[in-house]
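Subject: Structure handover

Hello,

Please find the structure below. My notes on it follow.

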Amino acid sequence: MTSPPREILTLLTFAVLVAVPCAAFTEPASRGQETAVQAAPLSDAELEARVREIASELRCPTCRALSVQDSPSGMAEEMRGLIREQLRAGKTPEEVRAYFLERYGEWILLKPKAEGFNWAVWLLPVVALAGGLVFVMLTARRWVQQGQARAAALTQKGPEEEI
Amino acid sequence: MTNTIGYLAIILALFLSLAGAAAAFRAAKTRSSALTLLGRRAAYGVFGLATLSILTMVFALVAHDFSVSYVAQVGSRSTPLFYTVISLWSSLDGSILFWGWILAGYTATVVYIYRDRYRELMPAVTGTLLAVNVFFWLLLAWPANPFQPVFPVPPDGPGPNPLLQNHPFMGLHPPLLYLGYVGMAVPFAFGFASLITGVVGGDWIRAVRRWIMAPWIFLTAGIVAGAWWSYEVLGWGGYWAWDPVENASFLPWLVATAFLHSIMVQERRQTLKTWNILLVIATFLLTLFGTFLTRSGILASVHAFTEGLIGPFFLGFITVVLVVSLALVAWRSDQLRSEPALDSLASRETAFLLNNLLLVAFTFTVLLGTVYPLIAEALRGVKVSVGAPYFNQMSIPIALALIFLTGVGPALPWRRGSPDLLARKFLWPVAVAVLAGLAFWLLDVRHLGAWATLVLAVFAVGLLVGEFWRPAQARRRAHGEGWSRAVLNLTAKNRRRYGGYVVHLGIVVIAVGIALSSTYRREREATLQPGETVVFSGYQIRLDSLYAGREPHREFAEAAFSVARDGRPLARMTPRMNYYPMSTQPIGTPHVRTRPTEDLYLTLMAYARDGSTATVNIIVNPMVVWIWIGGGVVALGALFAISTAAGGAEPTRSRGSSTERQAEPVEAGVGGAER
């Protein structure tokens, strides 16, 4: 006997399990906006952290799939220097990103901007997973009910073979 | 001469596989034993010809016969012998030849092993495998012919891609990957044959169970080895960049993993028949699609791939396989219909359904991210990139849910779990996980993703250990065995189950390694003069000297560092830059010092020509080694799981002998409680 509350509980557990980390991993972006507001002079460590943050989301133009942060190539090295210089000059991370965006086009961003058509790449997986979850849970529930109905009808026959 | 022999072998292999496929398919319909035999012999013949062509190529490479187009493309007199031989798979045509040879090898092996079994299924299996052979030998005979004559014969060649001759690991990682990739044709052939013949239960399940595992093990090992190669060679301190090439190997792995779980549901409950067929078809299609993506040049630009014929060939073959398979599935829908079989939501079956959902959603996400640049270019006319930041953000939640299931799935009994039993099984793991959660938080693991991974890992390991511990405890009571003997007997009795649990433990270890190394990686760059020391993360790193040297196939610049901790010397480390004649960019070789808790990873980034300074990138990567160890655990567990007699029944299934009957009360003691 499966009571509906338990199914809902299972569903909720999964939703939470998937949603919480999702939220957690969008966090860095909002942190970036936060830091963009305050324009006080940066300590070296802060500056380097911010360079890393920006560099890891820019594509190294001469590499296959590495970010400017990860690539050991000379091109990436120069770009890191450029980011550092611009931050030191007081530009906000948004302005630095805009600088590279203007120079290289959207291609330079390793994370497609969530706008316009690009929403597809962000939302389709979530929609597919959520839809799939609902479908699986509903199907499973129907199967359980059908199974119980059949079991009730077949009680004479004895239990199925257990492997 | 060499060209003639090699090309003749390819052409003969093409026609023989064509004739063999025709004979075998005809035999599937008429049950003619003469035609069956013909198909089988054709499979052996194709393998013989494939071997001849690949030996010809190896011979041409070693003999530096530059009249052979492929040798002229990748050969060089200065390349060491080892790299000359493995340059067989360093470029397009050669790797497709290698692919064809492995495919022919799988075909011959399968046909030989099952020569006297599965009489209804095998002719169609032979036919399907030979039909796939036809495609690859056609590819080799025409657009990817590696034996084109070159005239005038050049005196020397450029040598293989520098990156591919920079580390001996290139001799291991591609063959493993190919064995996994190409091997997925075998479960596909069994699935396809089951559709043709209408044998949708029984035999095809028994055969495919083993034949999904073998390529799965190779593919897993190949992916882990590829990550290791990337880490040891590329100098960026990471192991997975979500490069399309990497994604292409990961996609079929995900679907194959879904399949090898859901096939168990069909085995026990005779349900999910259509779903399983679809998964096995999807796995094969994704290997083709991955090859298409990475080999056609389409990723460089949508417009690039039409320049060669290989892209259109692959696209055509993918379309044919897709359409024919789906048509067959529709045609057999009556046989594929299965009774819904689910007794309770708190059951193993539900865990498998969720596992399949997550793995397929994961596949969809990675696939979408990988092809999105193409879609955007085609529809919007704008080039975009989808890289690691996207994939990480999207995949971490799914991966966490999967870690959760690695523990919960095995702990849930088939059919239904009584609340009592579930409470007993889950109480301790939940308690320990909660305590661990607190402990990790207090230990300053405050990154949510890493923290959640660790907590779920503790939870999953707790549940998995319980799955070993409880039945072992029951055995001890029933037989008075010691701990080690009880666990040994237990696992030997049901290798598939316990091997699978070991695989799950390995996956958890990999997840922990990935979570910690990616979150707590520390890095800094330093420019040093000889004699100067930089202190980073507790290491004192001193530049001793900077020097240049020459090897037969390359020149190099190397920096020697002494590494110490608290004044105690630890290691001498020598990252370097290699200069290959055919490459404008230097290829760095990092130096990695691996320890159980953290790796120290030095990359030479730049240096002054006069030797006055060297710039080094210092990366401290915690727990990376556990990814490789976890990979080994996965492989060993999977090998143990399939280590029963080839194609034979599980020992637990035959309950004839007296010793096995003795074991039954133990199993029943546990299983009984589960009911």
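Helix H10 of chain B (residues 244–269) has 26 residues, which at 1.5 Å a residue should span 38 Å, and its end C-alpha atoms are indeed 38 Å apart. The expected span is 1.5 Å times one less than the number of residues; helices (H or I, at least four residues) and strands (E, at least two) are DSSP runs numbered from the N terminus. Of the 26 residues of H10(B), 22 are buried, meaning that 20 or more other C-beta atoms, placed from the backbone, lie within 10 Å of the residue's own (exposed is 12 or fewer, partly exposed in between). After H10(B) comes Gln270(B), with a positive phi near 50 degrees.

This is a predicted model, in which local features need pLDDT of at least 70 and side-chain atom pairs count only at pLDDT 80 or more, while totals for chains, interfaces and linings use all residues. Residues are numbered from 1 along each chain as its sequence is written, with chains lettered from A and ligands numbered from 1 in the order in which they are written.

The model has ipTM 0.85 and pTM 0.89. For chain B the average pLDDT (the predictor's confidence in each residue, from 0 to 100) is 89, and 94% of the residues score at least 70. In residues 645–675 of chain B, however, pLDDT is below 50, although the stretch has 28 contacts in the model beyond near neighbours in sequence. A contact here is a pair of residues whose C-beta atoms, placed from the backbone, lie within 7 Å. Where pLDDT is low, the predicted coordinates should not be read in detail.

A second helix in chain B is H15 (residues 388–411), whose 24 residues reach 34 Å from first C-alpha to last, close to the 34 Å expected. H15(B) is largely enclosed by the rest of the structure, because 22 of its 24 residues are buried. At Ser395(B) this helix bends by about 35 degrees, with Pro397(B) following within four residues; the bend is the angle between axes fitted to the seven residues ending there and the seven starting there.

Chain A has five helices and zero strands, and 25% of its 163 residues are buried.

The contact between the chains takes 45 residues from chain A and 50 residues from chain B. On chain A, helices H1 (4–37) and H5 (119–153) each give two or more residues to the side that touches chain B, and H5(A) supplies the largest share, 13 residues.

Regards

Note on methods:
Contact = placed C-beta atoms within 7 Å.
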